[in-house]
Every structure is written in C-alpha cells, then in structure tokens.
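Look at the model shown here, and follow one helix through it before turning to the chain as a whole.

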Amino acid sequence: LGITGKASDYFQTLVFYNQSKTAEEREHHFKKLQLLRKKAPFYKINEKQFAYYDHWYYPVIRELAVYGRWEGDFSRLAELVRPAITPEKARRAVEVLIDIGMLRINSSGRYEQVEKSVTGALVPNTVTRGMRKRFMELAVEAMETLPVEKRHIASTTVAMSYNKYLEIIEKLDEIRQEILNTAEDENKVDGVYQFNFQAFPMSQEHIIDKGNINLKKGREQ
C-alpha cells in the first residue's frame, strides 16, 4: 500500500486487532492502538527557559513541587530530591521555574505545571549537555548505592548496519513517547523517576568483515 513509518505501524496493529482470536490478544492490540493514537503534546522551550537546564534538579523540582508532599516547606522539598539538595537551592529552583513560566500557583494556592510535557528539541546542545552528563553520572551513583530492585541498568553490545542502528534509535524515541503517555495517564503519583537512553558506536566505521556477516553476533548484557 506504500504506507511507511508510524502510519504503517498503526495499520498493522489495526489489522492484528481486527483479526484477534482471543480477548487477551484484542486487549493487547487495542492498548497499542491507543498509544499510537495518543502523542503527548510537547511545549517547545523558548530562549528565556534555557535556564531550565542550568541545574539537573530543576526538572526534578518541577515534578516534586506539584506532586510532592512538602506543604510549602522548602527544607522538606529539598529532602525529597535524591540526592538531597539544600533548602536554598530548592527555593531558588521554584522561583526560577515560576519566573520562566514552567510552574505557577493556581487559585487554590497549589503549584501546577504550565505545560504538562516539554521538549528541548530546539535547544542547543551546549545548553543541555551539562544536565544530560549529570543525569548519566547520577545513574552510575544509583548503580552503586541503590539495591537492584530499585533501579534498572542494563547494556547490550551488538554488530549491525548503520541503518539498523538508526532504526533502533527511532524505536528508543517511540519508547520514550510511550513513557510520557503512560505518565500522563497516571493518577497515583508516588515518586519521580529518571529514564536515560544512550546509543553510540563502539567501533570505527566500516571495519566489519562482510564475509563474516552471518556469524553469530556477540552480545553483552
């Protein structure tokens, strides 16, 4: 039919849904259809809001200020962050987030997010690099300090074509979108969680012997 990309995924899932033979299969494909239909609307950060990336805990405070139990006590808000920050930093974070239009106080006196989901797609890498690096460092700290049941850290090394590599990166973006959709539908928030996605080459380009292309690929997890 000449359908490609997300349209192809939707059509294929719709066919599977209509051809489902059991209630379980039908429910599985219906949920996937819902995810494909629903895309979280992203608010594009403007230049003034680049300050959002000044410190790694600003995005965390943006969530905790709304969902955390801190009752206006900045000492308590600071303690809710992991690793904990100072009350002064927590207070300043809230002030900055209000000033740049990422948080506001509603008529009930509670903090709320001006936009549910934001994207830094148009933000220069020089602005976001520091925060992303810090989140990766925090992942290492979590691996060393948190029990296995409270964190998930895994890695895989594979040989493949560059086109397949790009295809997997696209799938990672789709998974990130699913996470955002799932979070938006959540009614019982009890914590703030960080999900990191990394993909990068571990070899120089074009060094693989094509004569061995059918050999079993090595994998590490």
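**One helix and its surroundings**

In this predicted model, the buried residues of α5 are A90, A93, V94, V96 and L97, where buried means under 20% relative accessible area, exposed over 50% and partly exposed in between, with a 1.4 Å probe and protein chains only. These residues lie on the same side of α5, because they cover an arc of only 165° around the axis; the arc is that of the directions from the helix axis to the C-beta atoms. On the other side of α5, E88 and D99 are exposed.

What do the buried residues of α5 pack against? Their partners are α3 (57-67), α4 (74-80), β2 (103-105) and β3 (111-113), with contact meaning heavy atoms within 4.5 Å.

Helix α5 covers residues 87-99, and its 13 residues should span 18 Å at 1.5 Å a residue, which agrees with its end C-alpha atoms being 18 Å apart. The expected span is 1.5 Å times one less than the number of residues. After α5 comes G101, with a positive phi near 80°.

**The whole chain**

The chain has seven helices and four strands, in the order α-α-β-α-α-α-β-β-β-α-α from the N terminus. Helices (H or I, at least four residues) and strands (E, at least two) are DSSP runs, numbered from the N terminus. Of its 221 residues, 24% count as buried. Among contacts between residues at least 6 apart in sequence, 62% join residues at least 24 apart.

Residues are numbered from 1 along each chain as its sequence is written, and side-chain values use heavy atoms, leaving out hydrogens and water. Local features need pLDDT of at least 70 and side-chain atom pairs count only at pLDDT 80 or more, while totals for chains, interfaces and linings use all residues.
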